[in-house]
Each structure stands twice: as structure tokens, then as C-alpha cells.
Amino acid sequence: MKFDPSNAIQDNLAFGEFGGVNPSITDSATYTFLSQERMEEMFDHGIKGCFLYSRHWNPSDRYLATALARMEDSEDALVTASGMSAISCAILQICSSDDEMISENFLPKLGINVNFIDITDLDVVENSITDKTKVIYCEGISNPLLEVADIPKLREIADKHDIKLIIDNTFSPMLLSPIRLGAHVVVHSLTKFINGTNDCVAGCICSTKDFIGELTDINSGASMLLGPVLDSFRSASILKNLHTLHIRIQKHSENALYIAEQLEQLGFKTYYPGLHSHRQHELIKTLHNSKYGFGGMIAVDFKDVETAKQIIVAMQKHKVGYLAVSLGFYKTLFSMPSHSTSSEIPEAQQKKMGLTNGLVRFSVGIDHDIERSFDRIKKSLKKLELI
């Protein structure tokens with residue numbers, strides 16, 4: 001039977017302490033032992049179902065991690081206090097000083113060298129690997145230009161050089177299943193689509209039992225030693241929201257496709273993997289779980305910064321949504337990446353990527369009447385005499 005992440009979550013029944021349909025929330029930072037010998041056994045090699053200290057594990061985080069592992073079809077998972085802490089822990093568990101990785105641009109200050117490249121150019125990826133490279137890291141669907149990673153081909157490259165492939169699946173939960181496509185490790189910012197209500201910050205790492213075990217090792221695990229603990233009440237809240245993710249992703253995708261098609265028809269350069277004009281449209285059709293569409297993110301190039309600013313202000317005024325930097329909310333959120341979430345990228349690199357000052361990123365909401373919402377976008381464009 002074909003894998004479906006929604007079915008995998010729904011088949012994961014977790015009962016509360018007294019048989020409740022929601023797991024009980026464990027409001028404890030530390031846990032008791034009946035003997036010193038039992039505690040020593042826990043330190044030596046761990047005991048399934050036994051908890052020591054919440055920086056290591058707590059039952060509420062374990063419930064959420066189990067559900068996320070089901071969703072990603074990984075052997076195990078770990079939840080953290082933010083998406084960035086999930087990324088940091090995963091990379092630092094693999095890389096040491098003087099190692100190298102292919103992708104992002106923070107770790108050189110820790111002695112880990114980074115090659116920031118076009119992940120869609122497989123020849124460049126392979127040619128950038130040296131004998132010090134330990135990781136290829138990229139997004140399944142990239143921020144903000146919505147490029148699609150060829151995960152199976154990247155896994156082939158990783159295997160050839162005996163390195164790890166880490167995929168950030170924040171933009172594409174359920175519609176991409178990176179573990180099944182070849183990723184060694186998957187990370188998410190749970191803050192975004194998975195939680196969906198923009199009321200918390202959280203992250204997760206999905207991988208093999210061995211890798212999660214390394215991360216949580218009491219003496220040497222990156223998550224254990226760095227301590228990005230997710231509060232148990234937040235774990236419980238995210239777990240409840242996770243059970244509606246399949247419905248929300250389908251609606252986000254349906255609405256985003258409509259908005260993207262309409263804006264493209266009006267003549268605006270629109271980036272969305274579901275459009276036939278997207279250069280990787282055929283690729284994503286071979287990778288995605290088709291019932292969940294192509295995702296809720298689109299980007300539109302309005303050419304110059306002042307026009308983009310005016311459009312954003314007009315759309316907020318006409319109640320299309322909010323000017324905000326996050327994504328995955330039930331209302332549409334829009335921002336200018338070159339002046340917000342991607343502003344740390346050097347200007348020359350932005351130009352090379354095709355990231356213009358006039359680019360506006362939309363996280364399209366789950367509006368019931370998307371045609372009504374688009375009429376408001378058109379009203380904004382007409383007021384500025386752009387259509």
C-alpha cells in the first residue's frame with residue numbers, strides 16, 4: 001500500500017494516563033528512580049520508557065516525536081525548542097571543527113567550513129565535495145524562490161562520498177517525504193505549517209534510531225548537551241494540531257495554486273512549483289505526495305522595492321492578510337525576503353540567486369473563499385495602477 005503521512009499519524013494512538021484520548025501532559029523537569037542502581041543503568045545505556053531529566057526526554061516530547069517519526073516514515077524523531085536548534089543539533093552531531101558542509105552560511109565561526117551553492121546544480125554539488133565534507137544540507141523546497149531539491153539524486157551523491165544528506169522540510173510537510181526519497185535526516189521548524197497557529201516556536205529532527213540516540217546520548221549528544229528542550233505543554237499543543245495538518249496542507253496548496261495561476265495570468269513573474277512554467281514542475285511531480293498538492297508558498301516579483309512595499313501595505317489594508325515574516329498560518333502572510341528573512345545574504349549572492357528587491361513571498365492561508373481573497377489582491381493592484 002502506498003505510504004500516506006496522514007494515515008501514519010492517525011494510526012498512532014496515544015492514550016492519556018487515565019485512558020484519555022489526549023496523552024497526559026507531564027509537568028516535570030526531573031523523574032524519580034526506585035534505586036541508585038536503576039539510575040546508574042539509565043546513565044549507562046538508557047532504558048526504554050524510563051525518563052531521567054527533561055533536557056534528555058520527557059513523556060510529552062516523546063509522544064510528539066513518535067507522531068512526527070510516523071509522518072516522516074523515519075525510525076525515530078526528536079523535538080526541540082526551535083527549528084534552528086533542530087538544524088544546529090543535527091549538523092553539530094555530524095560535523096566537527098575543520099569539517100566542511102554544502103549549504104548555509106553560519107557555521108564557519110564554529111570552525112566548520114561551508115560551501116554555499118546552487119543545490120539544484122548537481123554537478124556543482126558534487127564538485128564542491130572534498131575529503132573534509134560531512135554533510136549536504138538543503139531545503140526540500142527552498143526559501144524564498146521555491147526551488148525543488150532532487151532528493152534521490154542528492155542521496156546518490158551523498159552515498160558516493162560517504163556523507164550525510166539533511167533535508168529541511170519546513171515548507172513541504174506531507175507533500176514531500178524526504179526519508180522515503182533518500183534523506184538521512186529531516187528537520188522541521190514546527191512553528192510553521194505543522195503547528196499552524198503561530199503561537200509557539202519549536203523544531204524536530206527525524207532520522208534513524210541510532211542517530212536520535214547519538215543526539216540524546218547523556219554524555220556526548222548535541223541535543224542533550226546544548227539543551228534545546230521543548231516545553232511539555234507546547235508539545236501537547238502541537239501534537240493536537242498535527243492531526244489536522246493533512247486538511248490544512250491540502251487547503252494551503254489548493255489556494256496557493258489558484259493565487260499563483262491568477263497572478264501569472266495577469267503578467268507577474270510568479271514562482272510556484274505547481275505552475276507549468278516552474279522549471280522544476282516535472283521534477284516535483286515525480287517526488288511529491290500528489291494528494292497534498294504543491295505547497296502553500298508562492299513568490300511574486302514586483303520588480304522594484306517601492307512597488308513591492310506599496311502592494312504589501314495595500315493588501316494588508318484590504319484584509320488579504322498580514323505583513324509578517326513567518327509562514328504556515330491560517331491567514332495569508334506576506335513579506336519581502338530581500339529586506340527580511342533573506343537580508344543576511346550578500347547583495348551579490350542575492351542577484352546571482354535571482355532574489356530581487358521587488359520579490360514578495362506569500363504564505364497563502366486556508367481561506368474558505370479564495371476567489372474573494374484574490375479579488376482583494378486585484379483591488380490592491382488596481383489601486384496602484386499595476387493592472
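1. Is H246 buried or exposed? Bear in mind as you look that this is a predicted model. With a relative accessible area of 15%, H246 is buried, because buried here means under 20%. You'll find H246 in helix α11, which runs over residues 245-265.

2. So who are the neighbours of H246? Leaving out residues up to four places away in sequence, H246 touches S6, Q10, M174 and Y292. With Q10 there is a polar contact between the two side chains, at 3.5 Å. The H246 side chain also reaches the backbone oxygen of H243, again at 3.5 Å.

3. Next, have a look at helix α13. This helix covers residues 305-317, 13 residues in all. From the first C-alpha to the last, α13 reaches 18 Å, close to the 18 Å you'd expect at 1.5 Å a residue.

4. Which residues of α13 are buried? They are T307, A308, I311, I312, A314 and M315. These residues sit on the same side of α13, because they cover an arc of only 165° around the axis. Here's the handy rule behind such patterns: an α-helix has 3.6 residues a turn, so residues three or four places apart point the same way.

5. Now turn α13 around. On the face turned away from the buried side you'll meet V313 and K317, which are exposed. As for what covers the buried residues of α13, the cover includes three strands, β10 (321-323), β11 (332-335) and β12 (359-363), along with the helix α15 (370-383).

6. The two ends of α13 deserve a quick glance too. At its start, a side-chain oxygen of D304 comes to within 3.3 Å of the backbone nitrogen of E306. Just after the helix, K319 takes a positive phi of about 65°.

7. Let's move on to the empty spaces. The second largest pocket has a volume of about 720 Å³. It is lined by 26 residues, and the closest to its centre are K48, W57, R62, D76 and T216. Three helices, α2 (36-45), α3 (59-72) and α8 (209-215), each supply at least two residues of that lining.

8. How many cavities of 30 Å³ or more are there? The count comes to two. The largest cavity has a volume of about 90 Å³, and 15 residues line it. Nearest its centre lie S54, R55, H56, L78 and V79. Strand β1 (residues 76-80) gives the most to the lining of this cavity, with three residues.

Technical notes
Residues numbered from 1 in each chain as written. Predicted model: local features only at pLDDT ≥ 70, side-chain atom pairs only at ≥ 80, totals over all residues. Heavy atoms only, no water. Helix = DSSP H or I, 4+ residues; strand = E, 2+ residues; numbered from the N terminus. Expected span 1.5 Å × (residues − 1). Buried < 20%, exposed > 50% of the residue type's maximum accessible area, 1.4 Å probe, protein only. Arc of directions from axis to C-beta. Contact = heavy atoms within 4.5 Å. Polar contact = N/O pair within 3.5 Å; in protein donor to acceptor, adjacent residues only side chain to side chain. 1 Å grid on protein atoms, 1.4 Å probe; cavity = no way out; pocket = protein on both sides within 12 Å on 5 of 7 lines; lining within 4 Å. Points joined across faces, edges and corners; volume = space filled by probe spheres on them.
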